[in-house]
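Here is a short report on internal spaces and helix packing. Please look over the sequence and the fold before reading on.

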Amino acid sequence: MRTTATAPQTQAAAAGRARVRRLSWWVRLFCLLGAATLCVAPALLWSRPEWLESVARSSWISNGAALQLDAGSRFWGWLSSCLPTAVLLFALWQIWCVFGYYRRGEIFRSGPAVHLKRLGAALMVNAVAQPLSTTLAVLALTMGNPVGKRQLVLGLSFEHFTSFGFGLAMLVIAIVMQEAARLAQENAEFI
């Protein structure tokens with residue numbers, strides 16, 4: 001009887017591992033697509049003055065201030081967008097690494113927890129990098145304006161607080177996972 005109970009459990013475990021491997025593949029594909037988008041989208045935005053002006057007026061500047069859309073201003077604005085892009089690329093790299101472990105079946109190890117901690121930290125840093133980038137972008141687009149017509153915008157939104165909150169939650173979950181991996185390793189050494 002014991003043998004028949006073990007066989008369905010083994011099949012269910014194998015099916016679960018196969019599902020994790022399959023989902024890990026999809027998540028890693030998402031990371032590649034996300035990284036490509038993060039690299040291409042800002043470059044496209046900052047290289048097209050009409051699109052940039054539309055985004056700046058609808059999202060960053062509300063009072064109709066003059067915008068400098070020359071190549072130099074757009075370059076400095078694009079450079080400011082590299083800060084959150086780098087942070088988010090780092091976050092995607094951490095997700096890539098975590099799901100690499102999961103794809104190999106290394107779920108209860110310390111490696112995924114380390115990368116989840118880094119992911120949490122990246123999300124928390126992103127909460128600061130995003131508004132800083134917007135501030136620098138608006139400054140780049142209005143620095144060529146006459147004195148008194150330049151803009152300095154600093155805005156925090158629910159999105160920034162959400163990023164910080166999710167990052168903090170991810171950090172705590174990673175610490176718990178790291179402790180669980182340590183306990184699993186200790187238990188494995190006893191057997």
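Residue classes come first: Ala, Val, Leu, Ile, Met, Phe, Trp, Tyr, Cys and Pro count as nonpolar, Asp, Glu, Lys and Arg as charged, and the others, Gly among them, as polar. With these classes, the lining of the largest pocket divides into 11 nonpolar, nine polar and no charged residues.

This is a predicted model, where local features need pLDDT of at least 70, side-chain atom pairs count only at pLDDT 80 or more, and totals for chains, interfaces and linings use all residues. Residues are numbered from 1 along each chain as its sequence is written, and side-chain values use heavy atoms, with hydrogens and water left out.

**Pockets and cavity**

A 1 Å grid over the protein atoms alone defines the spaces: in a cavity a 1.4 Å probe fits but cannot get out, while a pocket is an open set of points with protein on both sides within 12 Å along at least five of seven lines. Lining residues have an atom within 4 Å of a point. Points are joined across faces, edges and corners, and a volume is the space filled by probe spheres set on them. Helices are DSSP runs (H or I, at least four residues), numbered from the N terminus.

| Space | Volume | Lining by class |
|---|---|---|
| Largest pocket | about 350 Å³ | 11 nonpolar, nine polar, no charged |
| Second largest pocket | about 150 Å³ | one nonpolar, five polar, one charged |
| Largest cavity | about 30 Å³ | three nonpolar, one polar, four charged |

The largest pocket holds about 350 Å³ of space. It is lined by 20 residues, of which Leu 45, Trp 60, Ser 81, Gln 130 and Ser 133 are the closest to its centre. Helix 1, helix 2 (49-60), helix 3 and helix 4 (110-142) each supply at least two lining residues.

Leu 88, Asn 126, Gln 130, Thr 134, Ser 157, Glu 159 and His 160 line the second largest pocket. Helix 4 and helix 5 (158-190) each give at least two of them. Helix 4 gives the most, three residues.

The count of cavities of 30 Å³ or more is one. Its lining is Arg 17, Val 20, Arg 21, Tyr 102, Arg 103, Arg 104, Gly 105 and Ile 107. Helix 1 (2-47) and helix 3 (71-103) each give two or more of these residues. Helix 1 has the largest share, three residues.

**Helix 4 and its partner**

Which residue marks the bend in helix 4? Helix 4 bends by about 30° at Asn 126 (the angle between axes fitted to the seven residues ending there and the seven starting there). Asn 126 also lines the second largest pocket. Helix 4 has 33 residues and spans 48 Å from its first C-alpha to its last, close to the 48 Å expected (1.5 Å times one less than its number of residues).

Helix 3 and helix 4 pack at about 170°, with axes 8 Å apart. Helix 3 is therefore roughly antiparallel to helix 4 (angles over 145 degrees count as such). Axes here are lines fitted to C-alpha atoms over the stretch in contact, and angles run from 0 to 180 degrees between N-to-C directions. The contact of helix 3 with helix 4 has 23 nonpolar, 10 polar and one charged residues.

Notes:
Angles under 35 degrees count as roughly parallel, over 145 as roughly antiparallel, 65 to 115 as roughly perpendicular and the rest as oblique.
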